[in-house]
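Reader: I'd like a close look at one part of this model, the spot where two helices pack against each other. Could you walk me through it in plain words?

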Amino acid sequence: GKDQDDVVVPTSGGRYDVHLRTRQRVAVYWEEEVSEVRRCTWFYKGDKDNKFIPYSESFSEELEEAYMIAVTLDEWKKKLESPSREVIILHNPKLMVHYHPVASSDDWVSTPTEQGRPRTVKRGVENIAVEIPSGEPLQIDHLVFVVHGIGPACDIRFRSIVQCVNDFRNVSLSMLQAHFKKAQEQQQVGRVEFLPVNWHSSLHSTGVDVDLERITLPSINRLRHFINDTILDVFFYNSSTYCQTIVDTVASEMNRLHQLFLQRNPQFRGGVSIAGHSLGSLILFDLLTNQKADPEEDEHRAQGSRTTSSMAGVEEVKEILKKLELSEYCDVFEKEKMDRQALFLCTETNLKEMGIPLGPRMKILHYISSTTEMKVCGAEPGSPSQHGDSTEGGRNCQYRDVGLGQVSANYPQLNYKPSIFFAFGSPIGMFLTVRGVKRIDPNYSLPTCKGFFNIFHPFDPVAYRIEPMIVPDLEFEPMLLPHHKGRKRMHLELKEGLTRMSVDLKNNLLGSLRVAWQSFTRAPVPALEAGSTEAEAEAEAGTEKQPDTKPEEPPAAVKEETPLINVGRLNGGNRIDYVLQEKPIESFNEYLFALQGHLCYWESEDTVLLVLKEIYQTQGITLDQPLPGSQ
């Protein structure tokens, strides 16, 4: 009826709406061309076609009418002509053929038999060998917004962010079936929804392209157009004018998508995470560093920071007293809760009231007066001491605010608190270093986001690490992402095996040479007494054992167990940097696969599995089988 025609049916997990009356499929969350929807009853298939193709609804009605007349009257050999002058002949219920149109439309047309092999015509969907997908799970456990990097294309095939995120979502569905089967059977797990966030079109609709076109040289036109459309996005982001446009677009789009999603999914109770690729990850990082936490959280964080700094300050005072050979007074200072800052505020009267004798008092006061470094470097993020790096104290400060050097912009606030921030192929570390942030305070964490994962391909030329900025004095490898099938790639195992073998061979060879050299140097010496001979034999035995007891340290790539490393609070105390395993063909030439390394994340099962693992871990749901090497 009429009411039925006006029905809107959500499809593809609720990302598209089908309007039955107009037969149109419309995208819900992003702009996309409207596509046609058909109610399929009649199909055709050619010799080279691998699937049946539906006729238009109007022509299907004509076919159905002719078919019903032929069945009712039992009169076959019916001949119909389609709008495009194609001929369909209904020989009998089991044999109906569709002839191709002729090249010319004059009176000298060829007969159907002369027009090549006809297509097969079929009525209804019975016996059509096609798998109709059952659709995505209705239950949505988590929402992830994905922000793209430079340019309108996001992968090597020049596809848009919508198409790339579709791939990412499809891979996530297959990973859920493979690694969360038990949780799916117990109905604990539905799926994770990934929605793309597009800022490139808004930036380039400001009229800047017209201005660039006027000043662009006419030579090498395609290359210059490519640079204007992609690489210049980095420079736009470092301009205060266009940076404001970009951050406003990203924040408002994520807020709009979040509100629209909640309207369409009122039963949703899951969390929200965000992911950024390339420059998109830097945009999100800058947004997150400028979010404002709730007053309660600020107080809790400040309290924790004060407690931590107070404890550290007391220990520092103990070190000072130990340096001055006054360790016996440590208990007095600890009882008075004296930290370094309080110590430097002390006067002789204060020390006298604490019961410190004259001699130790003089030592302490002399130390205070002779020490010029009185600046506390672990200031709160956003304090004037950290932003004002022009002062001498600012230059001496060990840690800088991660907001240092950011483009001057009014960073908008998000309407939600992201659970986790995932960065794919991210240049965040490089941009922070260029802005003057050499070290990140281990106590620093994003104001509203507790999790941060920096995921990169080993050959990605745009990716940089984060952990060495937190722990600069310790050299260690990033976490190796386990293969989604539960083992290292064969060529990596072979490489490590050969490296281990060469180390063992080198150790054994050095040991043998050392023993031979010692035997050679002892050869001319006359025979000694029995006691000396025994001692010498023991020495030889000790020498032979030496290569085994102290083997050469294998390279970091060979070490199986990763030592426990404290990388601060940026990811809640957990590791931040994760490196993918390169494919066998990629290991032949790093430079050849560098670009592919930067664009590989959309279809990377290992990347998707880490994202799912960390998201569901926040809900207390784990993988069916823990992957080896995973944290």
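Author: Sure. First, a word on axes: they are lines fitted to C-alpha atoms, for helices over the stretch in contact, and the angles run from 0 to 180 degrees between N-to-C directions. Keep in mind that this is a predicted model.

Now to the pair itself. Helix α3 covers residues 161-179, and its axis comes within 9 Å of the axis of α23, with the two crossing at roughly 65°. Angles of 65 to 115 degrees count as roughly perpendicular, so α3 is roughly perpendicular to α23. As for handedness, α3 passes α23 in a right-handed crossing.

Who does the touching? On the α3 side you'll find F168, V171, S172, M175, L176 and H179. Facing them from α23 are E605, T607, V608, L609, V611, L612 and Y616. Sorted by class, that contact has nine nonpolar, three polar and one charged residues.

While you're on α23, have a look at D606, since this helix spans residues 605-617 and D606 lies in it. D606 has a relative accessible area of 5%. Buried means under 20%, so D606 counts as buried. Its side chain has a partner too: the side chain of D606 reaches the backbone nitrogen of H484 at 2.9 Å.

So, to put the picture together: α23 meets α3 in a right-handed crossing, and α23 also holds D606, whose side chain reaches over to the backbone of H484.

Key. Residues numbered from 1 in each chain as written. Predicted model: local features only at pLDDT ≥ 70, side-chain atom pairs only at ≥ 80, totals over all residues. Heavy atoms only, no water. Helix = DSSP H or I, 4+ residues; strand = E, 2+ residues; numbered from the N terminus. Buried < 20%, exposed > 50% of the residue type's maximum accessible area, 1.4 Å probe, protein only. Polar contact = N/O pair within 3.5 Å; in protein donor to acceptor, adjacent residues only side chain to side chain. Parallel < 35°, antiparallel > 145°, perpendicular 65-115°, else oblique. Left-handed = near helix turned anticlockwise from the far one by under 90°. Contact = heavy atoms within 4.5 Å. Nonpolar A, V, L, I, M, F, W, Y, C, P; charged D, E, K, R; others polar.
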